[in-house]
Structures are given as structure tokens and as C-alpha cells.
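This briefing is meant to be read alongside the sequence and the coordinates. It takes up charged side-chain contacts first and metal coordination afterwards.

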Amino acid sequence: MQANSSLQDVAFRALDSFQIEIPSWGFANTGTRFGKFLQPGAASTLEEKFSDAGQVNKLTGATPTMALHVLWDLPNGVADAEEVHRLEARYGVSAGSINPNLFQNQEYKFGSLCNPSEEIREQAVAHMLDSVAIAGKLGSRDISLWLPDGSNYPGTQSMRNRIVWLEEALIRTHQSLAPNQRLLVEYKPFEPAFYHTDIADWGMAAHLAAKAGPQARVLVDTGHHYATQNIEQIVAWLLHTGMLGGFHFNDRRYADDDLTLGSIDPYQVFRIFHEIQLSGPELWPDVAFMIDQSHNLKGKMEAMVQTVVAAQELWLKAALVDRDQLERLQDECELVKSEELFRGTFWQDVRPLVKEWRAARRLPLDPLAALAESGYVKRISAERGAKLAPVTSYA
Ligand code: PSV
Ligand code: MN
């Protein structure tokens, strides 16, 4: 905690400043490539997703926007904007980042923006431009690109040609951005391609973003790293170079989308938040905090609320680090004292403080308990479950 401020002031400031975007796909039935376990309460329409997102926002006070995935949520492109505006007004949540989808069409078997076929590359660029137009119509700042391209066998693709095609595609996408829009470039070292992916790490993403233009940044998905990767160091570098655009939070133990934030290593999330808080509040609005999770085993609503609450607690813990004292100890190379200060702050139980903030902001004191008491999950399970055809095999 910084000197001259009461603990409560620091906590309230930190929690007031913290917002995290939830993904529409977190409320829908999803699974692994082996199959899906369907949940009766899962959302299958855009309205149901908005309704669920609205509930999470009411319970936590921290999720005013929902990320949309173009093909899953906006199949008619800009023509869907009117319906989105109606849902925003009805459920009190706005459209957030717009996610192009370059991974579902059959044409993309050998790549999208990096496909050796010029015609297919054009189709993929056209989808990027459509996504920018949709974002413009919805008033969304960020177009968040995850590229699934890559190859599975050495020698089968020219990695060098693909760099050039990708640079061209991102430059063209950037040219279509309005002044208030950003292009976020996500990286992933594996899946669905396993020999090489065209944007494998933060260095490649940072290069591509810089090449694309001044409104492009890097998106760090915490699941998209190899084991033992020091993600907070990557964050420190991206902050230093002004290239950090945002996050997709999940847990890398699942390698991607499906574990609640901090369920395996909350200390890592704390370390990441600490790096961001070192940069000061002027910068925070430029960092898009987003969740990229879709739960297969836990109840979707419960897991989303649990994630947001965990994020709030960890953000607050990071705000309580005595950064001045830490800097002094670091300068003096007081290893044990500096580590104990850092670790000790992480171990503090901040839940009572978060509760005080919830009370002051007229939010439920215990969002998970409030969700259970509201009967919302029971209701949507009954209503939506009745529409499900009986299933004997979910493969
Ligand atoms: C890909 O693994 C990813 O992390 C991208 O962000 C996608 O948009 C998202 O998951 C949903 O498939
Ligand atoms: Mn992601």
C-alpha cells in the first residue's frame, strides 16, 4: 500500500478502476475436440448471452462489456447491429471487442491470412475488414485477432512467405481502422497447428503490430504459453515498449479457454497485475482485460462469477503492494525482505475489503451466494433445457 492513503481509499480506488470483459462464448455450450457435455442453462441465442452477461455484471459490478465472436454472434455482419443495440439497452451490457473468425471455413484448411492461395487470403482479409466495419457500427474500440494459421509438418510451408502475407493483411486491416479503433494481435505457440503457428509468440505479435500501424497492439492470452514461461516479464516488456493491448485470461493448465482465472496459479495473475499497476492508472484504460473461458464442467454462470470475483481480489492485492518500499528493497538487493513484502501482500486476505466495497457500491456482498439465491440458473436451465432435444451421445 502507498503511504498517505487509507487502506480503504486504496481498495476502493482500485476496485472502482477495475473492469473485465466477459466473452459471449463463455455462456454457450462448448467442449473439447472429443465431445461436449451439454448444460441445460447454456445460452444458444445472442439474447441469452446478453442476459447472462447482464446478470454477471449486476452481481459483480465489473463486467459492463461482452466480447462478441463474429461468426458465432453476428452471422449477418453489420445487419445485426440493430439487434445488438436492443440487447445492450435491455440487459445493461455493451458490445465489447469484436473477434473475427478465421478458423471455421473449409477454405482455411491450409491457412487464412497466410494461405498460399491469393484468393483465400483475400477472403480472409475481407472478413477482417468486415469485422472492423462491424466494430465501427457497434462502437467497439478493439478488433481482436487470433490467427489459427500454421503447419503441422516441417518443410510443407514457407514460413517466410507467410510472414510477408501476414504483414500485408494486417497493414490493410489497419488502414481501415477508425482513429478510435485498435487492432489487437494475439499469439499462440500451438493449436490447431502444431509444428509452427504463424504468430507463435509475443515477439512475432509485437513485430506484426508495429508493422501494421500505430493503432495495433499485442494481446496476451495467459493460456497461450509453454510451461514455466514468465508471463509477467512479457507484460513488463510490452508495457515498456508501449505495445500491450490487453489480455485474455484463463489458465494455461488447460492450454487455453477452459479453466477459471487463478484456479491453478493465482500468484501468477497477481504478478501480472502488479506489473500493470507499476505503470500507473493513466495507462490502465489502454489495457483491455478480457476473459477467454468457456467452462465445460463447472456451471457456466457460477464459473464466470467466480472468475470475475477472483480477478477483483487479485487486482486489489496487487494494489496493496507497497511499491515505494519494494523499490527501496530491490535497490538494496534485500532479496528476502523484498520477496516477503511481495509474497506477504499476495497472502493477505482482501475479501473483507472487497466486501466493504461491494456494500458501498450497493452490490451483493457475496456474488456467488446471490447468484444461487436469485434462482437465475434454475430458471434458465428449466427454460432453455426444455428446448434441448434429448441426447444420448454428446460426441
Ligand atoms: C484461441 O485459442 C482463442 O484464445 C482465441 O482468442 C479465440 O478467439 C478464442 O480462443 C475462442 O476460440
Ligand atoms: Mn484467446
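**Salt bridges and a metal site**

The structure holds 18 salt bridges, and the model in which they are found is a predicted one. The points below describe several of these contacts, followed by the site of the manganese ion (ligand 2).

**A contact within one helix**

- Glu83 and Arg86 are joined by a salt bridge in which the closest N and O atoms are 3.0 Å apart, and both residues belong to helix H4 (residues 81-91), where they are three residues apart, about one turn of the helix.
- Glu83 has a relative accessibility of 33% and therefore counts as partly exposed, while Arg86, with a relative accessible area of 38%, is likewise partly exposed.
- The pair also takes part in a wider arrangement, since Glu47, Glu83, Arg86 and Arg90 are linked in a network of salt bridges.

**Contacts between separate parts of the chain**

- A salt bridge of 2.8 Å (N to O) brings together the side chains of Arg172 and Glu122, and this pair links distant parts of the chain, with Arg172 in helix H6 (residues 159-175) and Glu122 in helix H5 (residues 118-138), 50 residues apart.
- Arg172 is partly exposed at a relative accessible area of 34%, and Glu122 also counts as partly exposed, at 35% relative accessibility.
- Asp198 and Arg162 meet through their side chains in another salt bridge (2.8 Å, N to O); because Asp198 lies in the loop between strand E9 (196-197) and helix H7 (202-212) whereas Arg162 is in helix H6, the pair ties together parts that are 36 residues apart in sequence.
- Both partners of this contact, Asp198 and Arg162, are buried.

**The manganese site**

- The manganese ion (ligand 2) has as its protein donors Glu186 (OE), Asp221 (OD), His248 (ND1) and Asp292 (OD), which lie 2.1 to 2.2 Å from the ion.
- The site of the manganese ion (ligand 2) is octahedral, with six donor atoms and angles of 71 to 166 degrees among them; for comparison, ideal angles for six octahedral donors are 90 or 180 degrees.
- Along the sequence, the donor residues of the manganese ion (ligand 2) follow the spacing E-x34-D-x26-H-x43-D.
- Two of these donors, His248 and Asp292, link distant parts of the chain, as His248 is in strand E11 (residues 244-249) and Asp292 in the loop between strand E12 (288-291) and helix H10 (300-319), 44 residues apart.
- His248 and Asp292 are both buried.

Notes:
Residues are numbered from 1 along each chain as its sequence is written. Chains are lettered from A and ligands numbered from 1 in the order in which they are written. This is a predicted model: local features need pLDDT of at least 70, side-chain atom pairs count only at pLDDT 80 or more; totals for chains, interfaces and linings use all residues. Side-chain values use heavy atoms; hydrogens and water are left out. Donors are N, O and S atoms within 2.8 Å of the metal (3.2 Å for Na, K and Ca); water is not among the atoms, so sites may look incomplete. Four donors count as tetrahedral if all angles lie between 85 and 135 degrees; four count as square planar and six as octahedral if opposite donors are over 155 degrees apart and all others between 65 and 115; anything else is irregular. Helices (H or I, at least four residues) and strands (E, at least two) are DSSP runs, numbered from the N terminus. Buried means under 20% relative accessible area, exposed over 50%, partly exposed in between (1.4 Å probe, protein chains only). A salt bridge is a side-chain nitrogen of Lys or Arg within 4 Å of a carboxyl oxygen of Asp or Glu.
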